[in-house]
Amino acid sequence: MNERIPHDKTLDNSVNLLEEGYLFIKNRTERYQSDLFIARVLGKKVICMSGKEAAKMFYDTEKFQRNGAVPKRIQKSLFGENAIQTLDGPEHIDRKRLFMSLMAASNKQKSVAELVTDEWTKAAKKWAKEEEIVLFDEAKDVLCRAACKWAGVPLEESEVSERANDFSDMVDAFGAVGPRHRKGRRARKRAEAWITEVIEDVRSGKRQAKEGSPLYEMAQYKDEDGNELSAQMAAIELINVVRPIVAIAIYITFEAVALAQHRPCREELQSGDPKYLEMFVQEVRRYYPFTPLLGAQVKTGFIWNDVKFKQGMLVFLDVYGTNHDPNLWDNPEQFRPHRFDTRKESLYDFIPQGGGDPKKGHRCPGEGITIEVMKASADFLANKITYDIPEQDMSYSLAKMPTLPKSGFIMQNPQPLD
Ligand code: HEM
C-alpha cells in the first residue's frame with residue numbers, strides 16, 4: 001500500500017536533515033509534489049507530512065502519542081526528562097490544565113507583557129550611555145528578568161545574564177550536535193539544580209511563594225492520584241514556563257529585522273493601530289523560522305489517504321513548511337502583515353507554536369503570552385526608542401535549528417523617546 005507514496009531514495013536522511021534544516025521536508029514535498037513521503041532518519045522509517053490536513057490528523061490523540069517520540073538527547077537539553085512534552089492521555093490533560101491555568105487568561109498574558117515593557121524602559125535608559133548594543137543579548141536579559149519576576153523565581157541582578165544564557169542555550173541545543181548540544185545539557189543541569197532548590201525551599205517553608213504564581217502552583221501541584229511532583233520534576237516544569245519566555249528573544253530579533261527591512265511596517269506601527277500591531281506580530285511568527293518540525297509516534301495502526309501508518313512508526317509534521325505552504329498562503333515568501341486582515345481563524349494552517357486545541361493536545365499553552373510580549377516589544381522598537389542601524393549581516397541560515405539573524409541585530413546610539 002505504501003508503495004504509492006514517494007520514498008526518499010537516500011539510505012539514511014539524518015545528514016540531509018542536519019544540512020537542510022527547516023527546508024528538509026519542504027524540499028521533498030515540492031520535489032515529489034506530495035504532502036507526504038517516507039524518509040529514513042537514524043535508521044528508522046519516518047513518515048514526513050505537511051499542510052493543514054496533515055496537521056489536523058497529527059493532533060488526533062487517538063492516532064498519535066508523544067511518549068517514545070521525543071529523543072532523549074532533546075529531553076536532556078531542551079525539555080527536561082519525562083516532562084509534559086512526553087506525556088499522553090489523562091496524565092497529559094491533567095498536567096496541561098495546570099499550565100493553562102497559569103497562562104490562558106488574557107489578564108495573565110498582559111501582566112507578563114507589562115513586566116517586559118517595564119524592563120525595556122529600564123534597559124533603554126541604560127543604553128542611552130552606550131554607543132552600540134546587540135538586541136538579541138539585551139532581549140534575553142530583559143525577558144529573563146520579567147519571566148522570573150512573573151513566575152515568582154528569585155533572581156539576583158548579578159546572575160541575570162548567566163541564567164538568561166543558560167535558558168537560551170537549552171533552546172539552541174535542540175537541532176545541534178557536538179559542542180552546542182553539550183552546552184545545552186550543561187545549562188539544563190545548572191538550571192535544574194537551581195530551581196529544584198527553590199522548589200524545596202518553598203515546600204519546607206524556607207521561602208514564601210505567592211499563591212497563583214507559577215512557582216507556588218508547580219510546588220503545590222498534585223496529580224490525579226493526589227501525588228505531588230518530585231522536586232526535580234516540579235523544577236523541570238517550572239523551567240518549561242520560564243525558558244520559553246526567554247526564547248521569545250529570537251522572535252523579537254526577527255521583529256527588529258522586519259522593521260529594518262520593511263519601512264512601511266515601521267510607519268504603520270507608528271500610527272498606533274492595535275489591529276496592525278497584532279497582524280505584524282502574527283506575520284513575524286508565520287514568516288520567520290523558529291520550530292522546524294514536530295514528531296509523534298503512531299499509537300494504533302490506521303490508514304489515511306491510502307497510506308498505512310503502522311503502530312510505533314515515527315511521524316514528522318512540517319511546521320515551517322505549513323506556514324509557508326502556497327496552498328494555504330498567498331505568496332508565502334513575502335513578508336506581508338496585511339494578509340491577516342481577512343484571514344479566517346483555523347487551528348491547523350497557522351502553526352508556529354503547534355496546532356489544535358491546547359487544552360486537549362500538545363499545542364503551546366504560551367501562545368497568548370508570546371503574542372502579548374511580541375506586541376509590547378514591537379511597540380517598544382517602533383515607538384519608544386530611536387537608534388541607528390549600522391552595516392551588519394542580518395541574514396539567517398535555514399540550516400541552523402533554531403536560527404537567528406547572524407548579527408543578533410546591532411543598534412547604534414540607542415536613545416529612549418519620552
Ligand atoms: C509547546 C513553540 C513560547 C510553553 C510548544 C510547541 C511548540 C512551541 C512548537 C509544541 C507543540 C506540540 O508539541 O504539538 C513555541 C514558540 C514560542 C513558545 C516558538 C516562542 C518563543 C512559549 C511560552 C511558554 C511556552 C512563552 C510559556 C510561558 C510551552 C509548553 C509546551 C509548549 C509548556 C508543552 C505543551 C504540551 O506538551 O502540552 N511550544 N513556544 N511556550 N510550549 Fe511553547
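**Sheet, overall fold and the iron site of a predicted model**

Five strands are joined in an open sheet of mixed pairing, in which the order is S1-S2-S8-S5-S3; strands here are DSSP runs of E with at least two residues, helices are runs of H or I with at least four residues, and both are numbered from the N terminus, while two strands count as paired if DSSP finds at least two bridges between them. The edges of the sheet are formed by strand S1 (36–41) and strand S3 (64–65), each of which pairs on one side only. Helix H2 (residues 24–32) packs on this sheet and touches S1, S2, strand S5 (293–298) and strand S8 (314–318), and its direction makes about 135° with that of S1; such angles run from 0 to 180 degrees between N-to-C directions, the axes being lines fitted to C-alpha atoms, for helices over the stretch in contact. Strands S1 and S2 (residues 44–49) pair in the antiparallel sense over six bridges, and Phe37 has Cys48 in S2 as its bridge partner.

The structure is a predicted model, in which local features need pLDDT of at least 70 and side-chain atom pairs count only at pLDDT 80 or more, whereas totals for chains, interfaces and linings use all residues. Residues are numbered from 1 along each chain as its sequence is written, and side-chain values use heavy atoms, with hydrogens and water left out.

The chain as a whole contains 15 helices and 10 strands. Its radius of gyration, taken over C-alpha atoms, is 21 Å, close to the 22 Å that the globule rule (2.2 Å times the number of residues to the power 0.38) gives for 418 residues, so the chain is as compact as a globular protein of that length. Of the 418 residues, 57% are buried, a term that means under 20% relative accessible area, with exposed meaning over 50% and partly exposed lying in between (1.4 Å probe, protein chains only).

Cys364 lies in the loop between helix H14 (319–323) and helix H15 (367–384), and is partly exposed, with a relative accessible area of 26%. Leaving aside neighbours within four places in sequence, Cys364 is in contact (heavy atoms within 4.5 Å) with Gln353 and Pro358. The SG atom of Cys364, 2.3 Å away, is the single donor from the protein to the iron atom of the ligand, where donors are N, O and S atoms within 2.8 Å of the metal (3.2 Å for Na, K and Ca), and the site may look incomplete since water is not among the atoms. In the unreviewed UniProt entry, the annotation "binding site" covers Cys364; such annotations may be inferred rather than shown by experiment.
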